[in-house]
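Please look over the protein and its RNA partner shown here before reading on. The points below are meant to be read beside the model.

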Amino acid sequence: MADNEPAPPPGNAGGSLNFIHQIIEEHNKTGRFAGRVCTRFPPEPNGYLHIGHAKSICLNFGTARRYGGRCNLRFDDTNPEKEEQEYVDSIMEDVRWVLSGTLPAGRTDPWDGLYYASDYFDQLYEWAIVLIKKGKAFICDQTPDQVRETRGTPNKPGTNSPFRDRSVEENLKLFEGMKNGEFPDGSRTLRAKIDMAHANINLRDPVLYRIMRATHHRTGDKWCIYAMYDYAHGQSDSIEKITHSICTLEFEHHRPLYDWFINELGIYHPQQIEFSRLNLTYTVMSKRKLLLLVKDKHVRGWDDPRMPTISGLRRRGYTPEAIRAFCERIGVSKYEGTIEMAWLEDALRDDLNKKAQRRMAVLRPLKVVIENYPESQTEELDAVNNPEDPSAGSRKVPFGRELYIERTDFMEDPPKGYFRLSPGKEVRLRWAYFLKCNGVIKDAAGNVTELRCTYDPATKGGNAPDGRKVKGTIHWVSAAHAVPAEVRLYDHLCKVPFPEDVPEGQDFLVNLNPNSLEVVTAMVEPSLHFSPLPPGEGSGVRVGDKFQFERLGYFSVDKDSTPGKLVFNRAVTLADTWAKMEKKGNRQ
RNA sequence: UGGGGUAUAGUGUAACGGUAGCACAACUGACUCUGGAUCAGUUUGUCUAGGUUCGAAUCCUAGUACCCCAGCCA
């Protein structure tokens, strides 16, 4: 994909071509486009991009890159009622981010051309006149209801509009009147004159232009008629000399209509190729549904880390490399399946395991007092920053008489196979000493509030000179030095793998996971403190910095952080064999 | 009694008439100062029924299942 990025590991895509690349290579062989490859990514600026768009971005930009071609970013902004500049801005930011690190030196934008369908409004209007003059389009005065009623159904042909046989002169005059604002919104349309009995409903005299007085984010109030997507899209591709117009499956039966326009107009003919859109378990992926989640405040915004949006994934802690690896792994086909969320999560773990420095953080603290450790003593111990990357070096972590450990790392009455701390048992404190539990202090309700332990001074660094082994190693932070931090623990947005599968009359909202966000106050090691300074200035962590909290998962510094308060998002947990064993035990 | 698509392990994706492979998941085991990572191994598959062929996931015929289409949305 990129010059400075290693080739993807031999996954399912390794070595073999996806069906789109096969088609392109066939075209290159036969000279259909003279060896030229030009693709485009054509979002409508009516919402934020999601992981499904990332698949399309990787496909379109990756294909262009692969064949030495070009890829445009084009905003299909033909419906001013739904489109906003905010969305344009977010889309550009997200495309840049997904592709960041893959660009040749000196380039900031991944697109070879930045276009808007609104750039072509004048040309589209001229072409409409051409169609009218050819007798291939007419002004229709039917109401929306009448249009619907006369369109027929999949099983029943439609009937001709009574306005279908207006003269060319009258059509021309009325169309100009439409453009000049002489008629009210919705009172007339320009329609193609094709075949009201066509088996493909898209060819039953589709609407080309509607009257709509809405301020367009780019053309302002210049127009009060707007082309329909179907009329604009194919010609936009044609204008840009797109060779391979890659889109999702639902546009397959629009292709004959696009071809009809191109042929009637006698203009350059791109090749449209359809692939199946991405579906993921435990989430929803349509802009309509995501908009609903935002508008009705089921989540905290488009970039809520539970959202499958690119901005949500970014905030959660995903890296562009992980997103790209995921898109590479899932492949491209026309089969409409659903990818398991575990694939996405695995891609992130795979990336961050190599890159993220390790830190110790205790999510649900349980106090430990080491009775044989001197009262006022503290010391600094060496901790390796990343065992996968020696160049990451090491750091000092403070140790003292009082510590916090994870509540789940202690059990008073442990089951077989539990090798963390329990009365009389010994564990290793990561990078520190062996620790043995001698007593348990409880509150009136019987909850464990504190552990009384002893340590073995001879095991400093984590190894026993007598060669004795411990099975468990647990993480900890020194109570005297610990820094409280807000940690947001995320779970799947939806509580079932296929949230759209609901009984009649219900919608996916019933399947939202009520426990998708849990907020805890964790204790983290003091090397983690927030810096508001730009990267490179002073010490501390910045928004977006990622760490592995040992044994817990990967965490990213959230933008809500302030110098007085760190906020982390849990991007993904670590694989947890013990949790799996427990789950299996419970099932029996 | 419409049209357009798609069917290969649990999930995706290869194989383009010649040993059904890979990844994720699951399960074993090894190793480990993260029950992480890593390594080794195991289980599970060509929608069905016929046909052509020495040989079929692939070609033919007939079925079956699922998806999309009746916006002046994209």
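The points that follow take up the RNA surface and then one helix.

1. This is a predicted model, in which local features need pLDDT of at least 70, side-chain atom pairs count only at pLDDT 80 or more, and totals for chains, interfaces and linings use all residues. Residues are numbered from 1 along each chain as its sequence is written, chains are lettered from A and ligands numbered from 1 in the order in which they are written, and side-chain values use heavy atoms, with hydrogens and water left out.

2. Around RNA strand B there are 73 residues, of which Gln22, Ser333, Thr338, Arg358 and Gly461 come nearest, a residue being near when one of its heavy atoms lies within 4 Å. Of the atoms of RNA strand B that come within 4 Å of the protein, 62% belong to sugar and phosphate.

3. By class, this surface near RNA strand B has 23 nonpolar, 27 polar and 23 charged residues, with Gly counted as polar.

4. Polar side-chain atoms of Asn79 and Asn353 lie 3.0 Å and 3.1 Å, respectively, from a sugar or linking oxygen of RNA strand B, whereas a polar side-chain atom of Lys584 lies 3.4 Å from a phosphate oxygen of that strand. Among the elements that give two or more residues to this surface are helix H11 (320-330), helix H12 (341-355) and helix H13 (577-587), helices being DSSP runs of H or I with at least four residues; the largest share, five residues, comes from H13.

5. In H11, the buried residues (under 20% relative accessible area, 1.4 Å probe, protein chains only) include Ile323, Phe326 and Ile330. The buried residues of H11 pack against helix H2 (51-66), helix H3 (85-98), helix H10 (310-316) and H12, contact meaning heavy atoms within 4.5 Å. Just after H11, Gly331 takes a positive phi of about 75°.

Terms used:
A polar contact is a pair of N or O atoms within 3.5 Å; within protein, one must be able to donate a hydrogen and the other to accept it, and residues adjacent in sequence count only if both atoms are side-chain atoms. Buried means under 20% relative accessible area, exposed over 50%, partly exposed in between (1.4 Å probe, protein chains only).
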